[in-house]
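Reader: I am a first-year student, and I would like to learn how to read a protein fold step by step. Could we go through one together?

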Amino acid sequence: MQLYIHVPWHQCLTIQSYKPSTYTMGEVNPSYILSEEHRPKHVITEGEGIPLIDLSPITNREGLSADPNKAVEDLAAKIGEACRTWGFFSVINHGVPLGIRRRIMEVARKFFALPVEEKKKVSREDHNTAGFHNDEHSKDFKDWKEVYDFYVNDGMLMPASHELDDPEIVPWFTPWPENLPEFRETCEEYGRACEKLFFNLLELVSLSLGLPPERLHGYFENQASFARLNYYPPCPKPELVLGTGGHKDPSALTVLAQEDVEGLDVLRKSDGAWVRVKPVPDSFVINVGDVLQVWSNDLYESVEHRAEVNAETERYSIPIFFHPSHDVTMKPLDELVDEQSPAKYPEYKAGKWLNLRMYNNYKKHGFYMRMTDYKVAA
């Protein structure tokens, strides 16, 4: 067997210093305008959508291993089917208090309403990716949005750089704004609430793969998860730009809150069509990320998705990217590998992959990173 890599690692790792954008979104700067093939068009807005799954059977449970009853098994089967066919699904009756969800949307609005000079006081840095930024790229074009990232496990340990031969490990801290006293408390409470939902979903995913419910828990003891507040301002020419270009997530699972303003599109696996995800009140959208694709040995696939903007209404969304500890060695799970289904991915460190993906989001490289670029070929 041999490893094939579409883009050489040394090209991936040649990254220059980050320089925050000074451009304001009053008009469409050419750096935001997409080439013709990447512009938002031909979106299916009616008909079949991603599965909607009711989590009532596990809403008030603390772990599933004590009594994986018929209702839980049926729920796991539904989630497994959604992961196989779509890579996306929505959940209701999820157990996250509606009050904390409302409050984090409120503080997001307050933060993004600040003058840009204030927001830049908590800008992201070269070697600490949390904070404010408005210079993210998808497929070499800037995204029409502003972002603030914070760590679910603040002070988490991460590689000091994306360089494969750099062994240094350092703590990463979130730069919190000082002039919004309720901001940090709200973000941290929201992260803890969504973390409970994530572990319930992780156990259901494990069951759907024929594994014990807590099989994957150990990978998240010092998790490198992070949350993102997305702000998509109105755009005078929304047909020329994207709020977030087509991409796949580096997480195991992503938990997304969105309001009633539409914008999320998913690339349907069955036919390659872009399908609009209709907002369901008080729901969360869940999607498979790169890490789960590797663990499942491609049984579950990380699916491309994007965010559109519009000319009249601003849009907010809040994803949390649940990612394992930096020192976890990622590879297909032993239970899912045999002679008929050999491992499709080489071993790699989870922290190095996340570090590289994060840096790639802010640079123009002339390529788009995908997990499948690093598959093992027979």
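Author: Let us begin with a term: two strands pair if DSSP finds at least two bridges between them. Please keep in mind that this is a predicted model.

Reader: With that cut-off in hand, how many bridges join strand β4 to strand β16?

Author: Strand β4 covers residues 88–92 and strand β16 covers residues 284–288, and the two run antiparallel. Within this pairing, Val91 stands opposite Phe284 of β16. Pairing needs at least two bridges, and the number that joins β4 to β16 is four.

Reader: Which strands stand at the edges of the open sheet of eight strands, and why is one side of each left without a neighbour?

Author: The eight strands follow the order β3-β4-β16-β13-β18-β11-β8-β5, with mixed pairing. Each edge strand has a single partner strand, so one side of it has no neighbour in the sheet. From one strand to the next the twist averages 25 degrees. The strands at the edges are β3 (52–54) and β5 (131–133).

Reader: Which helix packs on the sheet and touches β3, β4 and β16?

Author: The helix in question spans residues 70–85, and its direction makes about 160 degrees with that of β3. The helix that touches these three strands is α2.

Reader: Strand β16 has come up twice, so how many of its residues are buried?

Author: In a regular strand the side chains alternate between the two faces of the sheet. In β16, Phe284, Ile286 and Val288 point one way, while Val285 and Asn287 point the other way, and all are buried. Strand β16 is therefore largely enclosed by the rest of the structure, the count of buried residues being five of the five.

Reader: Which residue of β13 stands opposite Asn287 in β16?

Author: Strand β13 (residues 253–258) runs antiparallel to β16, and four bridges join the two. The residue that stands opposite Asn287 is Thr254.

Reader: What is the order of the strands in the open sheet of five strands?

Author: In this sheet the pairing is mixed. Strands β2 (43–44) and β12 (244–247) are at its edges, and each has a single partner strand, so one side of each is left without a neighbour in the sheet. The order is β2-β15-β14-β17-β12.

Reader: Which residue is the bridge partner of Asp265 in β17, and over which ring does its charged end sit?

Author: Strand β14 (residues 264–267) and strand β17 (residues 305–307) run antiparallel and are joined by three bridges. The bridge partner of Asp265 is Arg306. The charged end of Arg306 lies 4.1 Å from the centre of a ring, and that ring belongs to Trp274.

Reader: Is the aromatic pair of Phe112 and Tyr231 stacked or edge-to-face?

Author: A search of the whole structure finds 21 aromatic pairs, and in this one the ring centres are 5.4 Å apart, with 25 degrees between the planes. Phe112 belongs to helix α3 (residues 98–112) and Tyr231 to strand β11 (residues 226–232), which puts the partners 119 residues apart. Planes under 30 degrees apart meet the cut-off, and the pair of Phe112 and Tyr231 is stacked.

Reader: How many residues apart in sequence are the parts that the pair of Tyr148 and Trp176 ties together?

Author: This pair is tilted, at 6.3 Å centre to centre and 45 degrees between the planes. Tyr148 counts as buried because its relative accessibility is 0%, and Trp176 counts as buried because its value is 13%. Since Tyr148 lies in strand β8 (residues 146–151) and Trp176 in the loop between β10 (169–172) and α5 (181–208), the pair ties together parts whose separation in residues is 28.

Reader: Helix α5 also holds Ser206 and Lys196; is Lys196 buried or exposed?

Author: Ser206 has 0% relative accessibility and therefore counts as buried; beyond its neighbours within four places in sequence, its contacts include Leu211 and Pro212. Lys196 has a relative accessibility of 61%, and exposed means over 50%. Lys196 therefore counts as exposed.

Reader: To finish, what share of the 378 residues in the protein chain is buried?

Author: The protein chain has seven helices and 21 strands. Of its contacts with a separation of 6 or more, 79% come from residues 24 or more positions apart. Buried residues make up a share of 57%.

Definitions and conventions. Residues are numbered from 1 along each chain as its sequence is written. This is a predicted model: local features need pLDDT of at least 70, side-chain atom pairs count only at pLDDT 80 or more; totals for chains, interfaces and linings use all residues. Side-chain values use heavy atoms; hydrogens and water are left out. Axes are lines fitted to C-alpha atoms, for helices over the stretch in contact, and angles run from 0 to 180 degrees between N-to-C directions. Contact means heavy atoms within 4.5 Å. Rings of Phe, Tyr and Trp (its six-membered ring) pair if their centres lie within 6.5 Å; planes under 30 degrees apart count as stacked, over 60 as edge-to-face and the rest as tilted. Buried means under 20% relative accessible area, exposed over 50%, partly exposed in between (1.4 Å probe, protein chains only). A charge sits over a ring if NZ of Lys or CZ of Arg is within 6 Å of the ring centre and within 35 degrees of the ring normal.
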